[in-house]
Amino acid sequence: MGVHVKRSALAGLSAVFAFGLLLAGCSGKGNGEASPSASGTTGGSAGASASAGASGNAKTEPFTISVFYGASGPIPTENNKIYKKIRDELGVTLKEEYLVGDLEQKLGVMIAGGDYPDLITASPKLTAAKAVIPLEDLIEQYAPNIKKHYEKVWNMMKDPSDGHIYWLPNYGVYQGNYVSTYYSGPAFWIQKGVLKEFGYPKLKTLDDYFNLIEQYKAKHPEIDGQPTIGFTTLAYDWRKFPLLNAPEHLAGYPNDGGVVVDPKTNTAQIFADKEIAKKYYKKLNEENAKGIIDKEAFAQNYDQYLAKISSGRVLGMFDQHWNFQQGEDSLVTQQKFERTYLGIPLVYDDTIRDYYLDRPALNLQNGFGISVDAKDPVRILKFLDTLLDEKWSKVLNWGIEGEDYLVDDKGKFYRTPEMRNQQEDVTWKQANRASSFLTYVPKIEGQYSDGNATDAGSQPDEYFATLKDIDKELFSAYGVKLPSDFFSPAPENRISYPAWSIDLIDGSPAKIASTKLEDLGVKYLPKAILSKPEEFDSVWDEYVKQIGKVDVKAYEDRINEQLKYRMDNWSVK
Amino acid sequence: MQDTVLGSDAPRRTERRTGTIRKRMWSQRQLIWMSFPLLIYIVLFAYVPIWGWLMAFQQYRPGFSVFNQQWVGWDQFHFLFSDEGFLQVLRNTVAMSLINMVLGFVTAIGFAILLNEIRKSLAKRFIQTISYLPHFLSWVIVTGIVATSLSTEDGIVNIVLMKLHLIDSPILWLGEGKYFWGIVGASHVWKEVGWNAIIYLAAIASVDPSLYEAAEIDGANRYRKMLHITLPGIKPVIIILLIMNLGHILDAGFEVQYLLGNGQVVDWSQTIDIFVLKYGLKVGNYSLATAAGMFKTVVSIVLLFLANSIAKRLGEERLI
């Protein structure tokens with residue numbers, strides 16, 4: 001009876017499946033908060049640190065600090081040069097853990113387990129869970145370098161809710177002259193070849209920009225055998241800013257995220273449904289009718305976007321440079337230098353002064369904090385304090401003199417071409433640099449007291465050495481020295497700048513409203529841009545109507561409240 | 001299953017019966033030991049975490065114990081069901097699930113039957129291997145392939161349709177909401193058809209060959225044999241799998257829709273899981289995510305029992 005045997009076998013099989021099903025059904029929501037076991041990676045350091053506590057200045061006494069980075073990174077090799085130097089001279093061994101997967105999830109697990117490494121990446125989640133210790137008194141008492149370093153921004157670092165300092169911001173504190181050779185922020189980007197074709201015209205307004213693209217596309221309908229794309233954009237996953245952020249810049253506001261802030265009254269309002277936004281998307285709608293806009297722009301994923309850019313046939317887009325850099329790097333590898341991009345600060349009309357380039361603001365909500373599990377926070381702070389010393393700062397930024405950089409007779413640091421190439425090599429970096437660590441620690445930016453730039457990227461001579469012919473031609477045609485010279489010099493930052501670093505608080509109505517606004521943007525803006533010109537207004541009205549249904553007030557109120565807080569507490573007395 | 005229940009010779013006295021059960025348990029002791037780890041695993045990972053459902057009735061903040069939270073009653077559920085988008089999300093989830101299920105069943109069964117008819121075993125194995133390989137690709141890769149093939153720039157689908165003169169200009173497949181469900185369904189079929197067919201092939205292999213011989217003597221051709229022997233032969237497997245899949249009707253998937261979706265098709269692409277990610281996890285509202293998960297579980301269990309009892313009433317194979 002073959003059938004019968006099979007039936008009972010099937011029964012057993014299905015019983016197993018049934019349990020499996022229950023399992024799958026129930027475990028889905030459980031594992032977020034009930035599996036603390038995964039995060040137990042940090043316990044080992046406790047023993048080593050316990051002994052070192054008593055005598056604070058015994059620097060060579062071996063000491064282990066466990067570290068968690070909120071990003072993946074080139075993982076250093078066992079006998080990495082820089083780590084070895086730190087171990088030999090300061091007696092500190094770093095036990096590092098890098099992020100694998102999603103940060104929010106990882107932090108969630110850590111918090112659920114209540115088990116933290118000594119030095120931990122900054123996150124509002126951790127302050128909310130009381131996982132980090134207040135640092136202000138310890139810094140005052142034990143860390144003179146850190147105190148001096150943050151002197152000017154001391155009040156900004158305080159947590160708005162309780163006035164304690166939990167995080168040591170990793171970027172945004174400058175000394176000496178700040179030279180920015182490189183511009184990686186937002187701009188309207190255009191291929192250098194397009195500018196060359198028309199004799200390097202000056203572009204100031206959105207209309208100038210699209211005129212030039214139209215002319216070029218009419219003249220060259222194909223590039224390398226494929227159709228030319230006039231203008232593309234991106235609204236994929238979290239990378240929605242190329243689509244959403246342009247209007248604030250065109251209207252002469254700095255990057256405040258989803259709002260524009262009136263500098264006089266220090267109040268914010270969303271701009272998505274305002275005239276300044278409508279004007280931009282209407283222009284895109286017109287350009288779409290002329291066939292300039294990439295029809296696939298809103299349906300493409302990030303890889304497709306990069307692939308298009310690296311094919312060299314996208315004439316322009318609005319974006320931040322780091323977001324499309326991979327595509328541009330590929331153009332450089334292909335030796336298509338004319339297809340690489342120049343960023344231009346467009347505005348709506350001549351009366352508006354562009355405000356793309358900003359003075360670097362303090363990178364709040366970033367850097368390291370010391371967790372409640374750290375056995376000897378004082379020793380850790382002293383270690384970070386030592387690293388802020390110029391000697392160590394040079395080791396971390398430039399490397400070892402004679403090996404990673406040379407010093408000329410005027411005392412200027414420079415690198416040979418071989419040394420520069422080395423710096424691009426990931427394998428070499430794993431053995432010879434402490435990249436992730438450097439990203440997170442408090443550090444000096446700007447210039448050292450001897451006049452050298454704090455890192456090779458901002459040493460002007462180092463930058464000029466990497467320029468291509470087309471860059472030199474372009475710069476001399478426009479009479480500028482650096483890409484950042486195309487932008488109006490950044491005015492002094494508004495005290496409450498930038499609004500995007502405000503913590504909207506997890507789960508609050510403000511955060512939900514902000515999510516909804518973004519959702520509506522990526523839903524309606526493509527519709528509006530791709531609609532027939534005569535239908536644009538009706539789609540736009542629908543969009544504005546939908547925004548009206550969102551609790552915008554909660555969002556604006558939260559931002560305004562925080563802007564006011566900053567005004568009251570951050571002003572230098 | 002009733003026919004596997006112990007003691008089919010029921011009218012014995014209790015004493016003797018207990019004795020028999022002990023004896024039987026003793027004789028199966030290895031099997032019982034072997035099932036213990038599984039049992040512990042299930043209790044630990046499926047039943048113990050259920051207490052976490054308490055979170056759904058709180059405004060949960062991580063880092064504090066569950067008893068040290070603010071209780072909010074049914075607020076999270078209220079938010080969930082009063083949100084305009086949620087009904088749409090529910091519609092998309094159920095629709096895509098049904099499409100996937102129907103397409104999945106029809107293609108896998110059809111494919112298994114056709115494959116079974118191939119006489120040359122080398123060709124058969126070759127086709128089978130090729131067809132189930134995509135199962136091992138991650139959805140990230142598959143959606144990448146799908147997006148590239150559907151691209152208006154150099155996507156193969158548009159090129160083929162253009163060359164066949166079926167369309168005049170490339171269609172923006174991923175930019176039109178009405179195509180989205182179909183694309184998801186087709187991607188599922190491409191990825192899973194070979195894999196899903198395996199279980200049916202195994203079922204077909206266990207059909208008694210003498211039945212085929214008998215049918216042949218009665219003059220049945222190939223199609224008749226497929227229709228009257230193969231299909232009825234694998235019917236129990238089909239029903240069991242159907243019941244199991246019904247329990248997953250609210251799991252339309254997450255990766256496909258998340259990775260293929262974009263602003264233009266959001267009205268068709270957003271599923272419950274994406275909604276939970278956006279308004280639960282990303283904004284840090286774990287309670288909302290828990291509430292949505294609870295809702296899904298309850299619906300799944302109801303559907304599972306419903307399908308099971310229907311199968312029972314129809315006198316078919318069933319799960320529980």
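Trainee: Is E197(A) buried, partly exposed or exposed in this predicted model?
Mentor: The relative accessibility of E197(A) is 32%. Buried would need under 20% and exposed over 50%. E197(A) therefore counts as partly exposed.

Trainee: With which residue does E197(A) form a salt bridge, and what parts does the pair tie together?
Mentor: The closest N and O atoms of the pair are 2.9 Å apart, and the partner is K219(A). K219(A) lies in helix α9 (residues 206–219) of chain A and E197(A) in helix α8 (residues 192–197) of chain A, so the bridge ties together parts that are 22 residues apart in sequence.

Trainee: Which residue in the loop between α8 and α9 has a positive phi?
Mentor: Here is a general point to start from: most residues other than glycine have a negative phi. In the loop between α8 and α9 of chain A lies a tyrosine, and its phi is positive, about 50°, although it is not a glycine. It is buried, with a relative accessible area of 13%. The residue is Y200(A).

Trainee: And H165(B), is that residue buried or exposed?
Mentor: H165(B) sits in the loop between α7 (156–163) and α8 (177–205) of chain B. Its phi is also positive, near 60°. The relative accessible area of H165(B) is 70%, and the cut-off is over 50%, so H165(B) is exposed.

Trainee: Which residues does a cis peptide bond join?
Mentor: Omega is about -10° at this bond. The proline of the pair lies in the loop between α21 (469–478) and α22 of chain A. The two residues are Y497(A) and P498(A).

Trainee: What does the salt bridge between K278(B) and D519(A) join?
Mentor: The closest N and O atoms of K278(B) and D519(A) are 3.2 Å apart, and both residues are buried. K278(B) belongs to helix α13 (residues 272–281) of chain B, while D519(A) belongs to helix α22 of chain A, so the pair joins two chains.

Trainee: Which residues do salt bridges that share partners join into one network?
Mentor: A search of the whole structure finds 36 salt bridges over all chains. Where they share partners, the bridges can link up, and one such network has five named members. They are D207(A), E214(A), K283(A), E287(A) and K290(A).

Trainee: Which helix gives the most to the largest nonpolar core?
Mentor: This core has 94 residues, and the ones that touch the most other members are F188(A), F231(A), Y280(A) and Y281(A). One helix of chain A, residues 509–530, gives nine residues to the core. That helix is α22.

Trainee: How many residues are in the second, separate core?
Mentor: Its members include V92(A), M157(A), A374(A) and L381(A). The count for this core is 53 residues.

Trainee: What area is buried between domain 1 and domain 2 of chain A?
Mentor: The domain assignment gives domain 1 as 41–176 + 367–453 and domain 2 as 186–356 + 468–570. Their C-alpha centres lie 34 Å apart, and seven residues of domain 1 are in contact with six of domain 2. Carbon and sulfur atoms give 56% of the buried area, which is about 540 Å².

Trainee: Which residues of domain 1 lose the most area to domain 2?
Mentor: Three residues together make up 71% of what the domain 1 side buries. They are N155(A), M156(A) and P160(A).

Trainee: How many residue pairs are in polar contact between the two domains?
Mentor: Across this interface the rule finds zero salt bridges. For polar contacts between domain 1 and domain 2, the count is two residue pairs.

Trainee: Which side chain does a polar contact join to that of E136(A)?
Mentor: E136(A) lies in helix α6 (residues 136–142) of chain A and counts as buried at 12% relative accessibility. Leaving out residues up to four places away in sequence, E136(A) touches W154(A), H164(A) and I165(A). The polar contact is 2.5 Å, and the partner is H164(A).

Trainee: Is T143(B) buried or exposed?
Mentor: T143(B) is found in helix α6 (residues 139–149) of chain B. Beyond its neighbours within four places in sequence, T143(B) is in contact with V256(B), L259(B) and L260(B). Its relative accessible area is 5%, and the cut-off is under 20%, so T143(B) is buried.

Definitions and conventions:
Residues numbered from 1 in each chain as written. Chains lettered and ligands numbered in written order. Predicted model: local features only at pLDDT ≥ 70, side-chain atom pairs only at ≥ 80, totals over all residues. Heavy atoms only, no water. Core = buried A, V, L, I, M, F, W, Y, C linked by side-chain atoms within 4.5 Å. Buried < 20%, exposed > 50% of the residue type's maximum accessible area, 1.4 Å probe, protein only. Helix = DSSP H or I, 4+ residues; strand = E, 2+ residues; numbered from the N terminus. Domains from an automatic or database assignment. Contact = heavy atoms within 4.5 Å. Buried area = accessible area lost by both parts, 1.4 Å probe. Salt bridge = Lys/Arg side-chain N within 4 Å of Asp/Glu carboxyl O. Polar contact = N/O pair within 3.5 Å; in protein donor to acceptor, adjacent residues only side chain to side chain.
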